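Please look through the sequence and the model below before reading on. The paragraphs that follow start from one pair of strands and work outward.

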Amino acid sequence: MRLLFLGTGASQGYPALFCACDNCDAARSRGGKSLRRRSALLIDDDLLIDFGPDLFAATLAHRLALHRVRYLLLTHGHGDHLLPKNFDYRRAQWAQQDLPTMEVYGSEPTLRPLQALEWSPAELRVELRPVEPGQTWQMGPYRVTALPAHHALGQQALTYVVEGDGAAVLYATDTGAFPAHAWAGLQRLAARGARLDASVIEATMGVRPLPPDAGHMNFARCVEHHQQLRERGVASERCLQLATHFAPGCRQWADRAHPDEPYGAPPHEETSALLAPHGVQPAYDGLELRLGPTAR
Ligand SMILES: [Zn+2]
Ligand SMILES: [Zn+2]
């Protein structure tokens, strides 16, 4: 199984369009791994997770054609993860060759607005397939399990475990602390032998302190979740522990009572230095990983 990170930034991207804070300016001047598109992941060349506004930019950066994508998993409908206009370009007038039907999975509230698109599913060559948290299904060579997230509660955001090619990966962006049902689902997977080879968990808020019920994680909570995955036997001993969905932060996110406290995720090198002692590595745009028995 091959993973290609198409984006590893939060809603505003990194650096943010109109922001000149220290983090955003440092990213602009350094470039490289500190520049982050909005989050998305490509697995092999036929499974895409999320469909946000930077998908086109990612295809330019990696000289990618997406015509082989048969499966799209949507975590939720926030604008950094789902740009409905992307569907338009699947119509015959923009995509000249035969496209395989793309099966689109997500929670019912996430998919609902897509039923009202001005183009028909037949024109777009898509099938919408609502799934429930806790549900496991087979799609082509992949077995996928959807788990509940504590984020965008009105639309039931999901995290996913994808199994295929003898490997398993957890992709958990925009989740907040894992709800008890998510842990139960992960432990059911581990009980039938599907232990994670890679876990990708958001660390959106970086060094900022967060209340326990926040809809995002900071570095400490991301590290703690990776640790729990190991302790509960959900992750294999050699599991790659990754962080993603980084926000540079902004002053209004800082604790208003302590406006000078640090906030946000610093640029890549500092983020890497903060996470490395815990065995967690920050993903970056263009990071490519191979998992499973065929991995090098
Ligand atoms: Zn997001
Ligand atoms: Zn979100």
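Strand S11 is joined to strand S12 (residues 235-244) by 6 bridges, and the two run parallel; helices (H or I, at least four residues) and strands (E, at least two) are DSSP runs numbered from the N terminus, and two strands pair if DSSP finds at least two bridges between them. Within this pairing, Ser-199 stands opposite Gln-241 in S12. This is a predicted model, in which local features need pLDDT of at least 70 and side-chain atom pairs count only at pLDDT 80 or more, while totals for chains, interfaces and linings use all residues. Residues are numbered from 1 along each chain as its sequence is written, and chains are lettered from A and ligands numbered from 1 in the order in which they are written.

S11 (residues 196-202) also pairs with strand S10 (residues 167-172), again in the parallel sense, through 4 bridges, and here Val-169 has Ala-198 of S11 as its bridge partner. S11 is mostly covered, with 7 of its 7 residues buried; a residue is buried if 20 or more other C-beta atoms, placed from the backbone, lie within 10 Å of its own, exposed if 12 or fewer, and partly exposed in between. Helices link these strands: S10, helix H6 (residues 180-191) and S11 make a right-handed β-α-β unit, and S11, helix H7 (residues 219-231) and S12 make a right-handed β-α-β unit as well. Right-handed means that, with the strands pointing away from the viewer, the path from the first strand over the helix to the second runs clockwise.

These strands belong to an open sheet of 7 strands with mixed pairing, in the order S7-S8-S9-S10-S11-S12-S13. Its edge strands, each pairing on one side only, are strand S7 (136-139) and strand S13 (281-282). Elsewhere in this sheet, strand S8 (residues 142-148) and strand S9 (residues 158-164) run antiparallel and are joined by 6 bridges, with Val-144 standing opposite Val-162 in S9. H6 packs on the sheet, touching S8 and S9, and its direction makes about 155 degrees with that of S8; axes are lines fitted to C-alpha atoms, for helices over the stretch in contact, and angles run from 0 to 180 degrees between N-to-C directions.

Another open sheet of 7 strands, also with mixed pairing, has the order S6-S5-S4-S3-S2-S1-S14. Strand S6 (126-130) and strand S14 (288-290) are its edge strands, each pairing on one side only, and neighbouring strands of this sheet are turned by 20 degrees against each other on average, direction ignored. Strand S4 (residues 71-73) and strand S5 (residues 102-106) pair in the parallel sense over 3 bridges, and Leu-72 has Val-104 in S5 as its bridge partner. Leaving aside neighbours within four places in sequence, Leu-72 is in contact (C-beta atoms, placed from the backbone, within 7 Å) with Leu-48, Phe-51, Met-102, Val-104 and Tyr-105.

Which residues have the most contacts inside the largest nonpolar core? They are Leu-41, Leu-72, Val-169, Tyr-171, Leu-196 and Val-200, in a core of 81 residues, and the largest share of this core, 6 residues, comes from S10. A nonpolar core is a set of buried Ala, Val, Leu, Ile, Met, Phe, Trp, Tyr and Cys residues joined through C-beta atoms within 7 Å.

Some loop residues deserve a separate look. Arg-70 lies in the loop between helix H2 (55-61) and S4, and Arg-70 counts as partly exposed because it has 19 C-beta neighbours inside 10 Å. Pro-15, in the loop between strand S1 (2-7) and helix H1 (22-30), is joined to Tyr-14 by a cis peptide bond with omega of about 0 degrees. Asp-44, in the loop between strand S2 (40-43) and strand S3 (47-49), has a positive phi of about 50 degrees although it is not a glycine. Most residues other than glycine have a negative phi, and most peptide bonds are trans.

Taken as a whole, the chain has 8 helices and 14 strands. Its radius of gyration, taken over C-alpha atoms, is 18 Å, close to the 19 Å that the globule rule gives for 296 residues, so the chain is as compact as a globular protein of that length; the rule is 2.2 Å times the number of residues to the power 0.38. Of the 296 residues, 47% count as buried.

Definitions and conventions: Contact = placed C-beta atoms within 7 Å.
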